[in-house]
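Got the viewer open? Let's take a short walk through this one, one selection at a time.

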Amino acid sequence: MKLVVTDRAGKTQELEALEGWRVMEVIRDYGLPIKAECGGACACATCHVYVDEAWLAKLYPQTDEEIDMLDEAFEVQDNSRLSCQILMEDKFDGLQVTLAPGIEPD
Amino acid sequence: MAELNIAADGSGPHKTDVIIIGAGPVGLFAVFELGLLDLKAHLIDILDRPGGQCAELYPEKPIYDIPGLPVVSGQELTDKLLEQIAPFNATYHFSQMAESLERVGESFRITTDIGTVIEAPVVVIAAGGGSFVPKKPPIPGIEDFEGKSVFYAVRKMDQFKGKNILVAGGGDSALDWTINLQPIAKSLQLVHQRDGFRAAPASVNEMRALVDQGLMKLHIAKIKKLNGADGQLSSVTVESKDSGEFDIECDTLLPFYGLTMKLGPIANFGLNLDENLIPVDTEKFETNEAGIFAIGDINAYPGKLKLILSGFHEAALMAQKAKAIVHPDEKVIFQYTTSSTKLQKKLGVR
């Protein structure tokens, strides 16, 4: 299944995703600039992405923990998500996300 | 928990056997392995307490892959390690970072950013993902204001007396400083991206009471732009859903968006680096500089896994070589804590 990722420069890439992988893990595995420094524990907000509006309603709702953690992200919008909290499954094939500012590694 | 031996800020020169940079789980366990070999250690950490990522990022989150502990939280693991290493009475230097390293004769001298000086023949870098430093908002031109009218930490409250302060963020730091600075500020406003807060409910209630009493303002908005000249802020442009863009007049901005990890001055220690990691051998976990070791998440070698348990293993092997450096004439007998009365004596077993 595919994950479609747009980086801060506006370049869009189709990544091959595997069932059960976190969106953050797929992005990191391809070497795209995502800090994800807590490693997927919903504890750092450095895997912040914007989810394409068409996909937003199809995702599982955010947990309170994710909403709280987004307080440490920048430029938060209504379609902001922490990509470590979205697990890939068949129905998310083709999911489109854009990397948010402030998550690039040094 | 045993009381920690914390050195005075800016003290020294201290002389010891081993300087450990980083007091996370791996740095703490290194105290144990070194201690069994009669080596004394000083630890330096940017945080104000031991535990590293376990204390800062996930104190309450469960860890399931520590051998023998089916589930343990980051804070529990830290507390258990402190209990385990208590017999070796290490010295701690908190809230500071190792800034420079120089060779002085047969030893290394490390100076921290607040002037603490420590000398030892062995240095162990157990710095994990680097030093925890405040996250800087990606607002264009913010660096021009940093240190003059934008501050990421409050060191002396007096500095903000009589100022028109804008605090940004929704966590404990943002709320705590809002409450603490409000009485001494000329004016204080808080800007946060949503009308909900991650901070402790009691602080949030206190802040809302200040708003109700007209003593401060709360804006649910996002920072768009900083306005001012020569590093002096005059206002901050924000955008809210209801009112669009508007300016908040202020002379001081305090953004609190949590911490992030940066390698920092270790990059200037003259060690080989590979994408912010320190390459080591897998026999002693020594860097390209003899006597300087790197263990835990900060090192790199073929097959490396960034697991706490890998760091524990690395600490044990590192300690053997450290012993040979500090006491070259002493023969080391490999012993087990289960059977060695000598080791048990060191551990305070009766």
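Which residue is the bridge partner of Ile20(B) in β11(B)? Select Ile20(B) and look across to the neighbouring strand: the partner is Val124(B). Keep in mind as you click around that this is a predicted model.

Now widen the selection to both strands. β3(B) covers residues 18-21 of chain B, and β11(B) covers residues 122-125. The two run parallel, paired through four bridges.

Next, add β4(B), residues 41-44 of chain B. This strand is also parallel to β3(B), and again four bridges make the link. To see one of the pairings, pick Ile19(B) and find its bridge partner in β4(B), His42(B).

Stay on β3(B) and switch on its side chains. In a regular strand, side chains alternate between the two faces of the sheet. Here Val18(B) and Ile20(B) sit on one side, while Ile19(B) and Ile21(B) sit on the other. Both faces are covered, and all four of these residues are buried.

How do you get from β3(B) to β4(B)? Show helix α1 of chain B, residues 25-36. Together, β3(B), this helix and β4(B) form a β-α-β unit, and its hand is right-handed.

Time to zoom out. Colour chain B by domain: domain 1 takes in 5-133 + 260-346, and domain 2 is 142-257. Their centres, taken over C-alpha atoms, are 38 Å apart.

Last stop: the contact between the chains. Chain A puts in 16 residues and chain B 19 residues. On the chain A side, select by class and you'll find eight nonpolar, two polar and six charged residues touching chain B.

Methods
Residues are numbered from 1 along each chain as its sequence is written. Chains are lettered from A and ligands numbered from 1 in the order in which they are written. This is a predicted model: local features need pLDDT of at least 70, side-chain atom pairs count only at pLDDT 80 or more; totals for chains, interfaces and linings use all residues. A residue is buried if 20 or more other C-beta atoms lie within 10 Å of its own, exposed if 12 or fewer, and partly exposed in between; C-beta atoms are placed from the backbone. Two strands pair if DSSP finds at least two bridges between them. A crossover is right-handed if, with the strands pointing away from the viewer, the path from the first strand over the helix to the second runs clockwise. Two residues are in contact if their C-beta atoms, placed from the backbone, lie within 7 Å. Ala, Val, Leu, Ile, Met, Phe, Trp, Tyr, Cys and Pro count as nonpolar, Asp, Glu, Lys and Arg as charged, and the others, Gly among them, as polar. Domain bounds come from an automatic or database domain assignment.
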